[in-house]
Amino acid sequence: MNPPEPKADKDTGIREKFLSFFNLLRGNDWWFYKIPPLLAIAYAEILLQATPTLQSIITLLSLIASMFFVAAYGHVVNDIFDIEVDLQAGKHNRMASLSNLQRIFLSASLAFAGLMPWFFIGINAKSTFLLATIYILLTIYSAPPLRLKERGIWGVITDAAQVHAVPTLLVATVFSDLASILQPESATFATVATAWAFLAGIRGIVLHQIWDWENDLNSGVKTLVTSIGVDSARFGISYIVFPSEIFLLCLLMWVTSHFAPLVLVFFIPYILLRMINIKLISGVFDTAPVQKAYILPHDFYEVWLPLALTILLSVREVSFLSLLGLHIALFYPAIAQRATEFNLPFISCSKLIAKLVKLLRNDLNRQETIQQQRQEMLEIPTTLPADKFQDSITKAINFLTQVQLEDGEFQTTLPNENLKAICGTLGLKQEATEKLVFDSSPFVTSLVIYSLSFLSYESKVQQLIARGLSFLSKEMESGGLWRYWSSKNPKHYVAPPDLDDICCASYVLRMNGIPIQPNTAIILGNRNRQGLFYTWLLPRTVRGIILNLVTLGKRFSCLDEFWQLTNKDDICCVVNANVLLYLGENIQTQKAVEYLTSVVLQGTEDDNTSFYNHKLSFYYMLSRAYFNGVNSLRGIIAPVTNKIFSLQKADGSFGDELLTALAVCTLLNFNCQTLSLDKAIDFLLKTQQSDGSWQRIPMYGGKTDKKIFGSAELTTAFCIESLSRYRLLDRVGNWQQSRAELQQVQEEFKQSQSQLYTTQTELAQSESELQTSQTELALLKSYLQQTQGSEGIMNYYRSRIASHPDDIQLYHQALTIKPNDVQIHLQLGNALVRQNRFDDAIATYQTALQFHPDNFEIHLELAKALEKEQKWEDAIASYRRAIELNPDYSWSHKHLGDILAERGQLNDASTSYRRALQLQPRIF
């Protein structure tokens, strides 16, 4: 309801002045984030001490006033002493526009205002000491000569103490002093709360330094993160700080439950709903995100815990309802924003219940219809008719079923003489009489599982894959690592973990939905200065050294003699290709993409392949990464395929069965459909042995001999992949008969794609009725992956997003497939804006700019979101950047004029409006 007309100008003026003052104090940076956790401690103390209502409310109001001015003092002082640093980094500083006298007056006024409420609270020696400590830390944190914020770990400790730990102890002390009889839990509660707040503060400031790392480097600011590096900082958060913080949070809830048992009624559902929310949106919880984001579980600290405790106070004493209303009024924007995050799990649970009820009420005919539709969808891949390849593939699968070991491993073998040579170099004894000796390793099993994944809809293959995945899971070491030789091999600890095994095993486990321990950070830490990945995982960084010390040297253990067989600092193009497969295309892997491209273009494959005996192995791994989403490799398709064609022999082979299978798979990965494939496939069909296998051919080895390791299982798996994927092409029609028929089939294929997309849309619309299971959906995505690659899955998500533009989880799922898709980022940001989640929208646009820094549309949408959040200066800067990138877009000038006019900069606004009118005369 609008206010009366005569008062509008006056009310608007007061509001504008308050918001201007609030922005000057950077209120949005601390009011909703640092005050509520302190109030949660105050509410808990009131519950514990049973403080009278009136006394509690008076003390709380006085504390809120003091907190406001003390927090404002800290941020103003920090800004004053950061003016020069921010200027060098190109950052806006609100204090820069004030004179020295105005800065001194503002700081002194805020400090004094922070002390005044204590005349109502009552002050004693303990509270005086703690309050003085806060003021001193806030000052020396940024003020020279100490300026602790630039003194590494001391800056982190000081920030956590001044903002979180000491204020928490002060609040607990104030309310303990109000109690007529001190409760037994008081000291325990205050201690645990202070320790928890300290660790939460440590994580918060280190993450802030991670997000500001580039700006700090540019401006010469020395922080803990600029000293130890982003990877080491993220490791410390993920493996030390965050687990300790969560432990103390649980301990705090346990202590609180002794005097307020119902707090667990809020805490446990929060954990469950948050887990559901993470699973539905992205499936991944990053405790130390590299890009700026809202970090969990700070929403519990800042919104749900204080709200839960005020509700409990109101249940205990009705007069505290006024306090509940006041808390909601003061922090309503944060409460409303965080509440929307649980819409998805609530809606999902509600839909699930509704669907179950509906299914129970449906009659028999309805159930039969549902079962029939589900059966039709399950038969998508299998409704294709049997063909001439079926017998060959069936025999090969039967062979793998017979030879797979009980623990799920597919064998690797090497000649006896090679085994003796290796053991002689290592000083080991491993005697064998067979000509070919079993040499247990997870590597071959990883490759076999990937090749079999193209037939994962067949029950026999599902069993093979399940047993293989079980073997790989058991071989995983702490930290998500694998070694070449398995744990049942006497040579297990001879070699350190390596990225070839880690990435191949991790990828197939992730592809099949098997959880693995986080290992991305340790992989990224195993790069040289040029950004290329070392083969052998060794303690090369601070993170690695700490991890090695914590595990008493076991994490990277190996024999010194092993380095006689290989190079400790080996860089292999095949290994880098497999890292790309697992990590995908992003900023951290960009140098590897450039390296692999240069290897192909310069023709130096043999010089950069350390273990594999033929460059077709490299081409296969490279194309596999491209097929699974590394689109930057598109430029090497033509040179690679030309090189492959030059290797084909008169009999259709590319050398032998193994090399022929690798060549066929590579061409299919690059979607290269030529007549050369026919001859190659015929060669494979003719060379299949009577037991369904293809002969053992060595694929890789060591520094002195690259033709050592291989197995019939490995060759057979590659041949199965070739035949099964070629069969999909052949079933579309006999495209190889003539060019005219090929063009006709391509048109038919386009029509079938359209029908497939229609099917996807119908599937999305019918989900609410049929509750399509995850298995069925995964099957459909597997089919799209096999036939169209990652782009097919992206088209699926684009169709879903078009039908459900406000379903945030769809955008996140699409971005896991293609993280740099500019349109998905823009659509996600716009959806968040529609939901009034402006902070999240801003973070989304900023993430998009990491991939596309010169996209004017992203800058424009970012500016609009910043304007919604009343971050005027940042919004103006973004509008100007959008105009710089596209000066002829009239609406950018118009929006800039609007914000400049609102800020009173009439001359600049007039210039922007004139330019907008020149470009589009009817824009107003």
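Biologist: What makes the pairing of the side chains of E150 and R147 a salt bridge?

Modeller: The N to O distance between E150 and R147 is 2.9 Å, and a salt bridge requires a side-chain nitrogen of Lys or Arg within 4 Å of a carboxyl oxygen of Asp or Glu. The pair therefore meets the definition. The model is a predicted one, in which local features need pLDDT of at least 70 and side-chain atom pairs count only at pLDDT 80 or more, while totals for chains, interfaces and linings use all residues. Numbering starts from 1 along each chain as its sequence is written, and side-chain values rest on heavy atoms, with hydrogens and water left out.

Biologist: Why is R147 called buried, and why is E150 placed in another class?

Modeller: The relative accessibility of R147 is 12%, and buried means under 20% relative accessible area, exposed over 50% and partly exposed in between (1.4 Å probe, protein chains only). R147 is therefore buried, whereas E150, at 26%, is partly exposed.

Biologist: What else does R147 pair with, and what does that pair tie together?

Modeller: R147 also forms a salt bridge with D82, at 2.6 Å from N to O. D82 lies in the loop between α3 and α4 (83-89), and R147 in the loop between α7 and α8, so the pair ties together parts 65 residues apart in sequence. The helices are DSSP runs of H or I with at least four residues, strands are runs of E with at least two, and both are numbered from the N terminus. D82 is buried, as is R147.

Biologist: How do you know that R837 and D840 form a salt bridge, and what is the accessibility of each?

Modeller: Their closest N and O atoms are 3.2 Å apart, which satisfies the cut-off already stated. R837, at 11%, is buried, and D840, at 15%, is buried too. Elsewhere, salt bridges with shared partners join D82, R147, K149 and E150 into one network. The structure holds 18 salt bridges.

Biologist: How do you know that the length of helix α7 agrees with its residue count?

Modeller: The expected span is 1.5 Å times one less than the number of residues. For the 16 residues of α7 (residues 125-140) this should be 22 Å, and the end C-alpha atoms are 22 Å apart, so the two agree.

Biologist: Why are the buried residues of α7 said to line one face?

Modeller: The buried residues of α7 are S127, L130, L131, I134, Y135, L137 and L138. Seen down the axis, they fall within an arc of 165°, so they line one face of the helix; the arc is taken over the directions from the helix axis to the C-beta atoms. On the other side, A125 and F129 are exposed.

Biologist: Why is L54 called exposed, and which patch does L54 help to make?

Modeller: L54 has 62% relative accessibility, which places this residue in the exposed class. L54 lies in helix α3 and, with I58, F112, M116, F119 and F120, makes a nonpolar surface patch of about 730 Å². Accessible areas come from the Shrake-Rupley method with a 1.4 Å probe, only the protein chains shown counting as cover for residues. Patch members have over 30% relative accessible area and no salt bridge; nonpolar side chains (Val, Leu, Ile, Met, Phe, Trp, Tyr) are joined within 5 Å, and like charges within 9 Å.
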